[in-house]
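Biologist: Could you walk me through how the parts of this model meet? I'd like to hear the reasoning behind each term you use.

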Amino acid sequence: MTDLIQQKDVSEEGADLLQSLQWLIRLHWLAIALIFIAILFVQHIFGLGAAYSQLWLLTGVILFYSMGFAVLGWYLSGLPQLNQKHITWTRCSIFVLIVLDLIVLTLMIHYTGGAENPLVFFYIFHMTVAGIMFSRRTAYLFSLLAVCLLGLMLSLEYFQIVPHYHMNGFLPVELYREGSYVLGLGIIAAITIMASVYLSTTIMTRLRRRELELEQARQALLEESRSCEISLAQLNQLHKEKSEFMRKVAHELRAPLAAIKSCLQVAREYYPAELTGKPREMIERAERRSDGLSALVKDLLNLSRATEFSLAANFQLLQLDKLLKTVIEFCRTNAQELGVQLESQLAPGIEIMGDPQGIEEVFTNFLSNAIKYSPKNTRVTVTLRTDAKWAYICFTDRGIGIGPEDMPLLFTEFFRAKNAKALHVEGTGLGLALSRRIVEAHGGKISVESTLGEGSAFKLQLPIKQA
Amino acid sequence: MAQAVCILIVEDDADILEAMKIILEDGGYAVTWAMDSAEAWQQIKEELPDLILMDVMMKTPDEGFQLAYQLKNDPQYSSIPILMVTSVTQKTGFRFSPETDGDFLPVEGFIEKPVNPQQLLSKIKQLLQKTNK
């Protein structure tokens with residue numbers, strides 16, 4: 001238990017003790033009020049005989065030292081920080097307060113009939129308080145003090161060393177000289193006092209053990225969360241290294257790929273006589289695959305670059321309607337070849353802060369996807385609108401759509417939906433992942449609504465530049 | 001018949017060099033080549049080319065730029081048109097735009113890698129016409 005108190009920091013311990021002292025003082029006000037009323041009742045309503053002047057004096061004494069400790073408590077609670085000295089004061093105050101209480105209680109019992117007054121059981125209150133506030137050993141020390149005080153009083157009265165104050169009208173006979181009664185009362189009171197200390201300290205020990213366990217659990221949890229933070233930092237570092245590595249690999253792939261493509265192209269275009277039939281077909285196949293590989297490398301590079309977009313180094317003012325018009329014109333030839341109509345409704349004057357190349361890449365990705373997966377004689381619509389905070393861009397098509405099972409993976413690197421693969425062999429599966437990274441780096445969001453076989457709507461949300 | 005127009009290819013990738021040689025020879029040009037700056041200087045001193053086709057990234061990422069800069073600042077060679085073959089825009093992510101940054105490096109033209117044969121030939125033809133070769 002003391003270990004527990006030592007584990008807590010000093011100020012916390014001080015605050016706890018001070019709170020206990022103040023609680024004890026509040027109890028004293030209540031006790032004083034009750035004593036006051038009790039004496040008035042006994043004296044004037046029941047008209048019992050007792051040593052009233054001594055009782056009033058004792059009430060005054062309680063009031064006096066209670067006020068003293070109240071002032072101390074008030075002074076300590078006004079301090080910004082409690083140091084070790086203050087804590088010792090507080091602890092001693094509680095100790096002294098209980099000792100004074102026990103003495104005053106004994107005197108009160110003495111002046112109201114001694115052995116004949118059932119007030120002897122009021123010691124239990126103090127024992128409970130001591131059991132709550134002090135260690136088991138100190139609490140037993142208090143109980144010993146209480147038993148001694150009671151024994152002393154009973155003995156002194158029994159041997160008539162001090163006078164006995166009989167409460168006239170309460171008990172018809174005087175019992176303080178009845179040896180067996182006084183002994184019996186003493187033993188029973190002592191057992192009761194000890195038992196109450198035992199009970200309260202046992203309960204408190206259990207409580208404190210629980211508190212300690214709770215504190216340990218809290219510490220363990222804190223440590224866990226700290227190690228989680230470290231793991232997260234390591235993971236982020238790893239992610240950074242991964243994307244760095246990816247970029248390096250992509251760079252290294254570019255040069256040989258360019259050489260392969262150049263050689264294949266020259267072979268096909270400059271040796272038409274030597275290259276016919278099956279060899280030509282195989283060269284053409286190789287060329288197609290190296291084109292696909294180039295696209296993949298380009299996307300990989302862009303993807304790793306998108307991770308660094310958050311640096312916002314290239315951010316500039318972009319007019320979204322103009323940018324979208326450029327992208328639509330760029331895709332128009334391709335759409336015409338595939339028999340897909342392009343429509344647009346673009347609200348003018350919407351501006352964002354962004355990376356022009358990145359945002360253009362995103363728009364091109366969405367629009368060319370919409371065209372690529374649309375059947376002949378259907379329409380692809382691009383809309384741009386705004387509210388107070390966001391610019392909304394929507395690409396709607398009547399294409400093949402996306403199955404619900406593919407939705408969660410749509411923006412994952414290298415993922416391609418089954419129906420998309422069936423329709424077009426080529427495709428890197430990086431376009432949407434790249435777009436998502438770029439949009440998120442701009443503080444934006446992407447959402448998709450789609451029904452398999454009916455079409456899709458890709459909705460893009462970007463924060464507009466606040467005027 | 002006039003002597004064939006001579007083009008010097010500076011390129012450290014042997015395979016791309018071979019492909020370019022085929023394209024240019026087929027286009028009717030006389031081709032010499034060098035695989036680094038030192039070789040290039042040797043070739044230029046031996047025979048003054050009518051045009052230089054130059055890769056940017058060789059031993060160092062900017063070897064081509066360095067060589068072009070030296071040539072353009074040498075009055076003896078500054079009139080030789082240079083066509084830079086580059087993938088620098090995509091490769092490094094830094095925005096090198098021939099339109100806006102061309103003044104910084106006064107070469108006659110840029111062409112993107114991987115090179116399309118028709119584009120390369122038409123670009124060369126265009127440059128040679130400009131310089132009256």
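Modeller: Happily; this is a predicted model, and we can take the domains of chain A and then the meeting of chains B and A.

Biologist: What makes 2-227, 243-307 and 312-463 of chain A domains 1, 2 and 3?

Modeller: Those bounds come from an automatic or database domain assignment, and for chain A that assignment gives these three ranges.

Biologist: How do you know which residues of domain 2 and domain 3 of chain A are in contact?

Modeller: Contact needs heavy atoms within 4.5 Å. Ten residues of domain 2 of chain A are in contact with twelve of domain 3 of chain A. The two domains bury about 870 Å² between them, with 67% from carbon and sulfur atoms. On the domain 2 side there are five nonpolar, two polar and three charged residues.

Biologist: How many salt bridges does the rule find across that interface of domain 2 and domain 3 of chain A?

Modeller: Zero. A pair would need a Lys or Arg side-chain nitrogen within 4 Å of an Asp or Glu carboxyl oxygen, so with zero found, nothing across this interface is called a salt bridge.

Biologist: And what does the rule find between chain B and chain A in the way of polar contact?

Modeller: One residue pair, with both residues at pLDDT 80 or more. Helix 1 of chain B gives the largest share of the side that touches chain A, six residues. That side divides into eight nonpolar, six polar and six charged residues, yet the rule finds zero salt bridges across the interface of chain B and chain A.

Conventions
Residues numbered from 1 in each chain as written. Chains lettered and ligands numbered in written order. Predicted model: local features only at pLDDT ≥ 70, side-chain atom pairs only at ≥ 80, totals over all residues. Heavy atoms only, no water. Buried area = accessible area lost by both parts, 1.4 Å probe. Nonpolar A, V, L, I, M, F, W, Y, C, P; charged D, E, K, R; others polar. Polar contact = N/O pair within 3.5 Å; in protein donor to acceptor, adjacent residues only side chain to side chain. Helix = DSSP H or I, 4+ residues; strand = E, 2+ residues; numbered from the N terminus.
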